[in-house]
Amino acid sequence: MTSSPAAPGSRLASRLGFSDRVFIGPAARRVARQIEDGLDLVEGGLAEELRVADSIADASARYLYEAGGKRIRPVLTLLTAQLGEGNIPAVIDIAKALEMTHLGSLYHDDVMDGADRRRGVPAAHAVWGNSVAILTGDILFSRASQLMSRHGDRAIRLQADTFERLVMGQLHETVGAQDGDDPIEFYIQVLADKTGSLIAAATQGGAIFSNAPTEYEEPLRVYGEKVGVAFQLLDDVIDLSADPAETGKVPGTDLRAGVPTMPYLLLKAEQDAASAELAARIDDGVTRIAEGADPVILDQPLAELRDHAVTQKTLELARTWTSDAIAALAPLPKGPVREALMRFAESLADRSS
């Protein structure tokens, strides 16, 4: 007995993390079907764009693509393109290029973070080594730039500006806040650059290259950047309570590696003695781990951080960024596109529950 095909919008809703009730009604279902058809074109196109004549480069370039992923950035590009001419060739190319840029950044991030796994498989550097992983990321960035160059100066500038922000975000995360910087404002800017910029390019790019009304471009850029910041703030909360059986990561992976997160930064800003003592224990544990100590020495301090009020403050801050993202959509016309963008932003908070 064969299963019945999924209702229009169900696959899309699943990728974006909300109920397919958003796509009830003929007009909404047509939009959903257009996006799902476009996503099929993106997936098939990515498989072709990632082919490399060199056997090692071919295997490594396709590695994380074949490991899966929700393709959130292409979905958002295709979604906002429905405000214009829909799935025209330029939109499909932009969606592919932005996903390739995202994939390239994952190769680099995993090397810099020392991550062991990505998308349920060993990280690329664990398979081929750091140098091959970094160079593979560079190949993907190059292929993305080639795609963008087919669509004129605006596409080239979008890619170049986004790539610069990705690099600057990673650089600033690596070197940390400097004297005179507010640590929390500095961290928010890192999140905006590392994550928000690429999501903003996806939401704005869909409008630009589908020839949607120009007045939609800036609201969609602001929405994408704010959603990206909210996403990463919620990741900071999730990081403290990760289930290794589901994620392959132990709780507090970022902090154990010496990467500050928002709960930790808020803890450092607290004025009471108990918070200062907990922050000092975390700092000591990070130092000892860097010197070769077993990472389990941070299990108890990180459990205490998870239950501290600063983690709830981080969740509230993420919800503020989500609300601001939704507010940015006000200039868009009412309809399935705006509704889906709103529901996507709202669904982010569910990731932390």
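## An acidic patch ahead of helix 9

Asp181 is partly exposed, with a relative accessible area of 33%. This is a predicted model, and Asp181 makes a good place to begin a tour of it. The residue sits in the loop that runs between helix 8 (152-175) and helix 9 (183-209).

Asp181 also has company. Together with Asp179, Asp182 and Glu185, Asp181 gathers in a patch of negative charge on the surface. Membership in such a patch calls for over 30% relative accessible area, so Asp181 qualifies on that count with its 33%.

## Two loop residues with positive phi

Next, let us visit two loops and their backbone angles. Arg71 is not a glycine, yet its phi is positive, at about 55 degrees. You will find Arg71 in the loop between helix 3 (55-66) and helix 4 (72-81). Arg71 is buried, because its relative accessible area of 4% falls under the 20% cut-off.

Asn211 offers a second case: its phi is near 65 degrees, again a positive value in a residue other than glycine. Asn211 lies in the loop between helix 9 and helix 10 (217-239). Here the surroundings are of another kind, as Asn211 is exposed, with a relative accessible area of 51%.

## Helix 2 and its buried residues

Helix 2 covers residues 26-49, which makes 24 residues. From its first C-alpha to its last the helix reaches 34 Å, close to the 34 Å expected at 1.5 Å a residue.

A good number of side chains to look at here belong to the buried set of helix 2, including Ala28, Val31, Ala32, Ile35, Leu39, Val42 and Leu46. Gly38 and Gly45 are buried in this helix too. Charged residues also appear in the buried set, among them Glu36, Glu43 and Glu49.

## A buried glutamate with a partner

Side chains of opposite charge can pair when their charged atoms come close. Glu49 gives an example in helix 2: its side chain meets that of Arg150 in a salt bridge, at 3.7 Å from N to O. The pair links distant parts of the chain, with Arg150 in the loop between helix 7 (130-149) and helix 8, and Glu49 in helix 2, 101 residues apart. Glu49 counts as buried because its relative accessible area, 16%, is under 20%.

## Salt bridges around helix 14

The model holds 22 salt bridges by the rule applied here. One of them joins Asp283 and Lys268, whose closest N and O atoms are 2.9 Å apart. Asp283 belongs to helix 14 (residues 273-290) and Lys268 to helix 13 (residues 262-269), and 15 residues separate them. Both partners are partly exposed: Asp283 has 26% relative accessibility, and Lys268 has 46%.

Another bridge stays inside helix 14. Arg281 and Glu277 pair with their closest N and O atoms 3.4 Å apart. They lie four residues apart in that helix, about one turn. Arg281 is partly exposed at 28% relative accessible area, and Glu277 is partly exposed as well, at 41%.

## A network to finish on

Salt bridges can also be found joined up in this model. Arg165, Asp193, Glu218, Arg221 and Glu225 are linked in a network of them.

Key
Residues numbered from 1 in each chain as written. Predicted model: local features only at pLDDT ≥ 70, side-chain atom pairs only at ≥ 80, totals over all residues. Heavy atoms only, no water. Patch = residues over 30% accessible without salt bridge, like charges linked within 9 Å, V, L, I, M, F, W, Y side chains within 5 Å. Areas by Shrake-Rupley, 256 points an atom, 1.4 Å probe, with all protein chains shown as cover. Salt bridge = Lys/Arg side-chain N within 4 Å of Asp/Glu carboxyl O. Lys, Arg positive; Asp, Glu negative; His and termini not counted. Charge placed at Lys NZ, Arg CZ, Asp CG, Glu CD. Buried < 20%, exposed > 50% of the residue type's maximum accessible area, 1.4 Å probe, protein only. Expected span 1.5 Å × (residues − 1).
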